[in-house]
Amino acid sequence: MSADATILDGPALWPAQAHVPSVLGRQIVIERAEGSYVYTTGGRRLFDGTAGLWHANIGHSHPELAAAAHNQMLKLETYHIFARFVNDQALALAERLAGLSPIENPRIILNSGGSDAIDVACKLARRHWQREGRTTKTTILSREHAYHGLHAYGTSIAGLDFNREGYGSESLVPETRRVPVHDIDALKSTIAELGAENIAAIVTEPIQGTGGVNPPVAGYLETLQQLCRENDILVILDEVITGFGRTGTMFAAQRFGLDPDLITFAKGVTSGYAPLGGVIVSPKIWQPFYVDDATTPIFRHGATYAGHATSCAVAMANLDVLEREDLLPRVTELEKLLVAQLKQLAAQRRSIADVRVAGFLGGVTLQDGIAAESVTDKLIDLGFISRPLRGNTLQISPPFIATNDELTQFVSAIDHVLQEEEAK
């Protein structure tokens, strides 16, 4: 095997989620950001049409969050929350999240991000059934096209095959199974085939993000939840992308009228200003671990930076901004504008196969003859960041502070690139 010396002698940093030879020499180095824009080391100003990786909800470089981190670090950077120890910021954030939760009377598990949260939630689902004495309930279901992070469990339940391949087995954690994305009958068949007595939980994004921005068909999530209730299967709602306002409600569970057993969160809890994630746990799951009895089991969760004091202080400041600046109602306004803009775009561009919007999340699926990767490269040349997703789809998910004019200009840039592609 040979390799280009210029690639082998490249930067020490291994790029994430990349075919390395394709990106080295083409990397865009971001050095600062403000509001809805990021700036490169070469001085270019780019509209952040993806809010980073779906997370920069309140925009970049907000001074209030910087001050929260600074002030907290001067007082206490962090202290762990194992056993008898806890820090005041973790306690305060957990109480606030419990008050915002669509699950009544929850407990909050804090950790470092979305992938951590998925690992913990899947383990907790299995641990719940083992404690109940129903020891065969071990399989975790998930949907095709799903993305749930890249830790061992997230890799195992991924509905994107390329994230599961190459590790020597079909699934790193063996007891997993995918079901079709919107097919309740197929879910019923899978439950009948495996036996409900062998299924611990199903994990689902309310709106699939990386899988191509796939909103649920009408009634799907509600029917899925009812089917799980009838079969004693836990519902784990992955709100890592949708949580904290992206759908116009604090959680997508509230938008769709859901009452899951576990909710995973990350990204929007700090708007990406500090690494933080966690799990919202319903009473039927947490209460047995709280019984005052010598035989009460321990759920072995926890990481060094779980409940990190500075991250929690930043999260509290982020929630303050969301509430004070009325950004959730603003998301609803932006959703209406995005729907109108993309409908118009689809009507005038034959290169578009489909457009989808749910909350301030949009996907533009292109016809096979035009590659999303090429379109996103050309958008960067025009000063706009999008991202190619599964299914030849362009991602649209700017910060909540984006103006109507900025969103219109972003969609106009997509139109311009597609017009040029169609003329070839």
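How many cavities of 30 Å³ or more does a search of the whole structure find? The answer is one, in what is a predicted model. The largest cavity holds about 40 Å³ of space. Its lining is made up of Thr204, Leu221, Leu224, Gln225, Val235, Leu237, Leu258 and Pro260. Helix α9 and strand β8 each put at least two residues into that lining, and α9 has the largest share, with three residues.

The loop between β7 (199-204) and α9 (220-230) is home to proline 206. With a relative accessibility of 0%, proline 206 counts as buried. Its C-alpha atom is separated by 9.8 Å from that of tyrosine 220, which is 14 residues away along the chain.

Open space is another matter. The second largest pocket takes in about 930 Å³. It is lined by 25 residues, and those closest to its centre are Arg107, Ile108, Ile109, Tyr290 and His301. Two elements, α5 and β4 (107-111), give two or more residues each to this lining; α5 gives the most, namely five. Arginine 107 also turns up in a contact with an aromatic ring: its charged end sits over the ring of tryptophan 286, 3.8 Å from the ring centre.

Helix α5 shows up again among the salt bridges, of which the whole structure has 20. One of them pairs glutamate 323 with arginine 96, with 3.2 Å between the closest N and O atoms. Glutamate 323 sits in helix α12 (residues 309-324) and arginine 96 in helix α5 (residues 88-100), so this bridge ties together parts that lie 227 residues apart in sequence. The two partners differ in how they face the solvent probe: glutamate 323 is partly exposed because its relative accessibility is 40%, while arginine 96, at 19%, is buried. The cut-off for buried is under 20%, so the 19% of arginine 96 falls within it.

A second salt bridge joins the side chains of arginine 126 and glutamate 175, again at 3.2 Å from N to O. Here the partners come from helix α6 (residues 114-131), which holds arginine 126, and from the loop between α7 (152-157) and β6 (176-179), which holds glutamate 175; the pair therefore links parts 49 residues apart in sequence. Arginine 126 counts as partly exposed, at 22% relative accessibility. Glutamate 175 is partly exposed too, with a value of 28%.

The salt bridge between aspartate 161 and arginine 164 has its closest N and O atoms 3.2 Å apart. Aspartate 161 is partly exposed at 44%, whereas arginine 164 is buried at 10%. This pair doesn't stand alone: through shared partners, salt bridges connect Asp161, Arg164, Glu170 and Arg178 into one network.

Rings get together as well, and the search of the whole structure turns up nine aromatic pairs. Phenylalanine 244 and phenylalanine 265 make an edge-to-face pair, with 5.9 Å from centre to centre and 75° between the planes. Since phenylalanine 244 belongs to the loop between β8 (234-238) and α10 (252-256) and phenylalanine 265 to strand β9 (residues 262-265), the pair ties together parts 21 residues apart in sequence. Both rings belong to buried residues: phenylalanine 244 has a relative accessibility of 0%, and phenylalanine 265 has 1%.

Elsewhere, Tyr37, Phe47, Phe384 and Phe410 form one aromatic cluster. Tyrosine 37 has a charged partner too, as the charged end of arginine 45 sits over its ring at 3.6 Å from the centre.

Phe410 of that cluster leads on to helix α15, where it is one of the buried residues. The buried set in α15 also includes Leu407, Val411, Ala413, Ile414, Val417 and Leu418, along with Glu406, Asp415, Glu421 and Glu422. As for its geometry, α15 covers residues 404-422, which makes 19 residues; at 1.5 Å a residue the helix should span 27 Å, and its end C-alpha atoms are indeed 27 Å apart, so the two values agree.

Conventions
Residues numbered from 1 in each chain as written. Predicted model: local features only at pLDDT ≥ 70, side-chain atom pairs only at ≥ 80, totals over all residues. Heavy atoms only, no water. Helix = DSSP H or I, 4+ residues; strand = E, 2+ residues; numbered from the N terminus. Expected span 1.5 Å × (residues − 1). Buried < 20%, exposed > 50% of the residue type's maximum accessible area, 1.4 Å probe, protein only. Salt bridge = Lys/Arg side-chain N within 4 Å of Asp/Glu carboxyl O. Phe/Tyr/Trp six-rings, centres within 6.5 Å; stacked < 30°, edge-to-face > 60°. Lys NZ or Arg CZ within 6 Å of the ring centre and 35° of its normal. 1 Å grid on protein atoms, 1.4 Å probe; cavity = no way out; pocket = protein on both sides within 12 Å on 5 of 7 lines; lining within 4 Å. Points joined across faces, edges and corners; volume = space filled by probe spheres on them.
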